[in-house]
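Here are my notes on this one, in the order I'd go through them at the bench. Have the viewer open while you read.

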Amino acid sequence: MGLYRGAAPTILKQGTNQAVRMPAQVAIMGLITFGDTTKNANPLLNGSAGFLAGCVSVLATQPADCVKSKMQGEAAKELYSGTVDCAMKMLKAEGPSAFFAGSIPRMVQVGMTSGISFALFPVISKLLNKVM
């Protein structure tokens with residue numbers, strides 16, 4: 001195996017993060033505003049939708065993150081032959097809940113950072129439009 005064990009689940013997690021978070025924010029924003037696009041520049045609504053989208057992205061990526069964390073451990077070389085082997089051993093030994101360990105704190109952290117980012121986007125865009 002290469003120098004860095006856990007590259008595959010890391011790439012899967014980060015790719016999925018981005019693939020999930022943006023469309024989730026747009027969909028949630030549509031639900032919050034009942035499709036009224038005139039409210040799309042509202043920082044509070046954007047931030048709320050961003051927070052929820054961050055939570056959705058955690059649910060989608062937490063399994064890969066848990067596998068990644070196991071793969072990066074010191075004992076991983078001796079315990080697992082690869083990513084799929086690690087996931088199968090986790091499932092067999094710990095059950096499905098093993099793939100969602102640490103979800104709540106990560107949801108809070110990712111939800112908050114996503115919410116702040118999405119809340120600031122329309123504010124910064126408006127300021128940039130004034131100066132450009």
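**Notes on the chain**

1. Start with burial: of the 132 residues in the chain, 37% are buried. Keep in mind throughout that this is a predicted model.

2. The fold is quick to describe. You'll find five helices and zero strands, so reading from the N terminus gives α-α-α-α-α, where helices are DSSP runs of at least four residues.

3. On overall shape, the radius of gyration comes out at 18 Å, whereas a compact globule of 132 residues would be near 14 Å. The C-alpha trace fits that picture with spans of about 60 × 30 × 20 Å along its principal axes.

4. How much of the contact map joins residues 24 or more positions apart? Among contacts with a separation of 6 or more, such pairs account for 73%.

5. Now the surface. About 8100 Å² of the chain is exposed, and carbon and sulfur atoms supply 71% of that area. As for charge, there are 12 positive and 6 negative charges, and their mean positions sit 8 Å apart.

6. There is one annotation to look at. UniProt, in an unreviewed entry, places the feature "repeat: Solcar" at residues 41-127. In the model, that stretch is 80% helix and 0% strand. Its end C-alpha atoms are 12 Å apart.

7. Have a look at phenylalanine 34, in the loop between α1 (7-32) and α2 (43-71). What is its phi, given that this is a residue other than glycine? The value is near 55°, which is positive. Is phenylalanine 34 buried or exposed? With a relative accessible area of 75%, phenylalanine 34 counts as exposed, because the cut-off for that label is over 50%.

8. Finally, go to methionine 132, in the segment after α5 (103-131). Methionine 132 has a relative accessible area of 80%, so this residue is exposed too, by the over 50% cut-off. Try a distance in the viewer as well: from the C-alpha atom of methionine 132 to that of glycine 82, the separation is 51 Å. Those two residues are 50 residues apart along the chain.

9. If you only have a minute, I'd take away three things. The chain has five helices and zero strands. Its radius of gyration is 18 Å, against a value near 14 Å for a compact globule of 132 residues. And the UniProt repeat at residues 41-127 is 80% helix in this model.

Conventions: Residues numbered from 1 in each chain as written. Predicted model: local features only at pLDDT ≥ 70, side-chain atom pairs only at ≥ 80, totals over all residues. Heavy atoms only, no water. Helix = DSSP H or I, 4+ residues; strand = E, 2+ residues; numbered from the N terminus. Rg over C-alpha atoms; globule rule 2.2 N^0.38 Å. Buried < 20%, exposed > 50% of the residue type's maximum accessible area, 1.4 Å probe, protein only. Contact = heavy atoms within 4.5 Å. Areas by Shrake-Rupley, 256 points an atom, 1.4 Å probe, with all protein chains shown as cover. Lys, Arg positive; Asp, Glu negative; His and termini not counted. Charge placed at Lys NZ, Arg CZ, Asp CG, Glu CD. UniProt positions renumbered as here; feature names shortened; annotations may be inferred.
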